[in-house]
Amino acid sequence: TPVKVAVAQGDGIGPEIMKATLRILEAAGANIEPEFIELGEKVYLSGNTSGIDANAWDAIRNNKIIFKAPITTPQGKGYKSLNVTLRKSLGLFANVRPVTALHPFVPTHFPNMDVVIIRENEEDLYAGIEHRQTQDVYQCLKLITRPGCERIVRYAFEYAKAFGRKKVTCMVKDNIMKITDGLFHTVFDEIAKEYPEIENDVQIIDIGSARLAAKPEQYDVIVTANLYGDIISDIAAEIGGSVGMCGSANIGKNVAMFEAIHGSAPDISGQGIANPSGLINAAVAMLAHIGQSEIGDKVKNAWLTTLEEGYHTADIYQEGISLKKVGAQEFANQVI
Ligand code: NAI
Ligand code: MG
């Protein structure tokens, strides 16, 4: 029987890249049954400030697997970030974001880059505890807990072990935030001792992110707090080729959500030119998660071959390397 998946088409480029990806999954024979759910801009603008309707919650609770295209959070007061709501209310504590350069097919200055960013996904400044204190004073609380640190750090070492990775680097700012980031660092040192076969290293986030941008090949697995992980994963993806290339797995105890790392790209939406690769990679991770890794590998190999042959969307197109500039649907046709 097919695995039921709650599928959100998203906003902006979301529906274009979702259509391309679902066509590929169908052609590959993925044994899944999409149940389409409503969330994002349309729901927000209809007056529901949570951005997600009740039926969508039912589908998510029943299916436990979410495949989601990027959504637009309307600017302005009163709209809660749905991404934060989903991650927090479903307990999706780990956000796994691999970035691998595909030199020489996809242009990058960093041919040997192969890093996995493991971002804590529920706490830190993204815990959603933000308010106006007095007329001119606003506060956002940075929440760091010992169980939260233990869970994400252990996840990072277990990930490194499972995938044969050699080193885990922790990035924090504990020279300034001695208590909160200090706890993350302390827990990292404690848990690192349980994995003597894996190298470990702690870097302050400012020099760490600078070095990641200049010498990404020095990194293997990076574990970090929510905000830092959000920022450095866009940096890593962009220098590895394009933010449009990378997918993510949001892992919880009972529910998992798979999505591209980027947003709804309103600047290019409706033109059909978006890169569906991030969502395709998210789909590959989802197939592995639901026990269909053979089909996932098939998709991944076809995707690699398409890039190798030089069918490139505008974000990675380069004269002399690329063969043809394609849109999302033509890219999907080539993969199929
Ligand atoms: P963005 O990631 O949507 O776009 C940043 C830049 O990268 C733009 O120039 C865009 O054209 C380009 N880009 C992104 N994805 C691409 C792709 N697949 N192919 C080619 N080019 C691509 O970030 P931005 O513009 O800051 O945010 C737009 C909206 O997305 C906002 O409403 C934001 O809240 C939302 N967002 C949603 C996320 C989600 O649903 N998980 C994650 C991040 C942002
Ligand atoms: Mg982000």
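Ala225 touches Glu120, Asp124, Val172, Asp181 and Phe184, once residues up to four places away in sequence are set aside. In this predicted model, Ala225 sits in the loop between strand 10 (221-224) and helix 8 (226-240). Ala225 counts as buried because it has 28 C-beta neighbours inside 10 Å, and the cut-off for buried is 20 or more. One of its contacts, Asp181, is 44 residues away along the chain, yet the two C-alpha atoms are separated by just 8.2 Å.

Asp124, another of the residues that Ala225 touches, turns out to have a backbone quirk of its own. Its phi is near 65°, a positive value in a residue other than glycine. Asp124 is found in the loop between strand 5 and strand 6 (130-134), and strand 5 itself covers 114-120. With 23 other C-beta atoms within 10 Å, Asp124 is buried.

Glu120 comes up again with Gly148. Leaving aside neighbours within four places in sequence, Gly148 is in contact with Glu120, Glu122 and Glu123. Gly148 belongs to helix 5, which spans residues 146-162, and is buried, given 22 other C-beta atoms within 10 Å. Gly148 and Ala127 are 21 residues apart in sequence, and their C-alpha atoms are 12 Å apart in space.

What about Asn175: is it buried or exposed? Asn175 is exposed, because 12 other C-beta atoms lie within 10 Å and 12 or fewer is the limit for that label. Its place is the loop between strand 8 (167-172) and helix 6 (180-192). Ile204 lies 29 residues from Asn175 along the chain, with 7.7 Å between the C-alpha atoms.

Two more backbone oddities deserve a word. Lys64 is not a glycine, but it has a positive phi of about 70°. Lys64 lies in the loop between helix 3 (54-63) and strand 3 (65-68), and its 18 C-beta neighbours inside 10 Å make it partly exposed. Then there is the peptide bond joining His103 and Pro104, which is cis, with omega about 0°. Pro104 falls in the loop between strand 4 (94-100) and strand 5 (114-120).

Zooming out, the protein chain is divided into domain 1 (1-92 + 253-336) and domain 2 (109-240). The centres of the two domains, taken over C-alpha atoms, are 25 Å apart. How many residues of domain 1 are in contact with domain 2? Five residues of domain 1 are in contact with seven residues of domain 2. On the domain 1 side, those residues divide into three nonpolar, no polar and two charged.

Nonpolar side chains tend to be buried together in soluble globular proteins. Here, the largest nonpolar core has 96 residues, and the members that touch the most others are Ile118, Val153, Ala156, Val223, Phe258 and Ala283. Helix 9 (residues 277-289) is the biggest giver, with eight residues in the core. Both domains take part: at least three residues come from each of domain 1 and domain 2. Phe258 is worth a closer look, as it touches Phe67, Gly247, Ala249, Ala282, Ala283, Ala285 and Met286, again not counting residues up to four places away in sequence.

Ligand 1 has 20 residues around it, and Gly244, His262, Gly263, Ala265 and Asn275 come nearest. What is the make-up of the shell by class? The shell around ligand 1 has eight nonpolar, nine polar and three charged residues.

At the tail end, Ile336 is placed in the segment after helix 11 (328-335). With 14 C-beta neighbours inside 10 Å, Ile336 counts as partly exposed. Ile336 touches Arg23, Ile24 and Ala27, leaving out residues up to four places away in sequence. Ala27 is 309 residues from Ile336 in sequence, but the C-alpha to C-alpha distance is 6.3 Å.

As for confidence, the protein chain averages a pLDDT of 96, and 100% of the residues score at least 70. The predictor gives the complex an ipTM of 0.99 and a pTM of 0.97.

Methods:
Residues are numbered from 1 along each chain as its sequence is written. Chains are lettered from A and ligands numbered from 1 in the order in which they are written. This is a predicted model: local features need pLDDT of at least 70, side-chain atom pairs count only at pLDDT 80 or more; totals for chains, interfaces and linings use all residues. A nonpolar core is a set of buried Ala, Val, Leu, Ile, Met, Phe, Trp, Tyr and Cys residues joined through C-beta atoms within 7 Å. Helices (H or I, at least four residues) and strands (E, at least two) are DSSP runs, numbered from the N terminus. Domain bounds come from an automatic or database domain assignment. Two residues are in contact if their C-beta atoms, placed from the backbone, lie within 7 Å. A residue is near a molecule or strand if its C-beta atom, placed from the backbone, lies within 6 Å of it. Ala, Val, Leu, Ile, Met, Phe, Trp, Tyr, Cys and Pro count as nonpolar, Asp, Glu, Lys and Arg as charged, and the others, Gly among them, as polar. pLDDT is the predictor's confidence in each residue, from 0 to 100.
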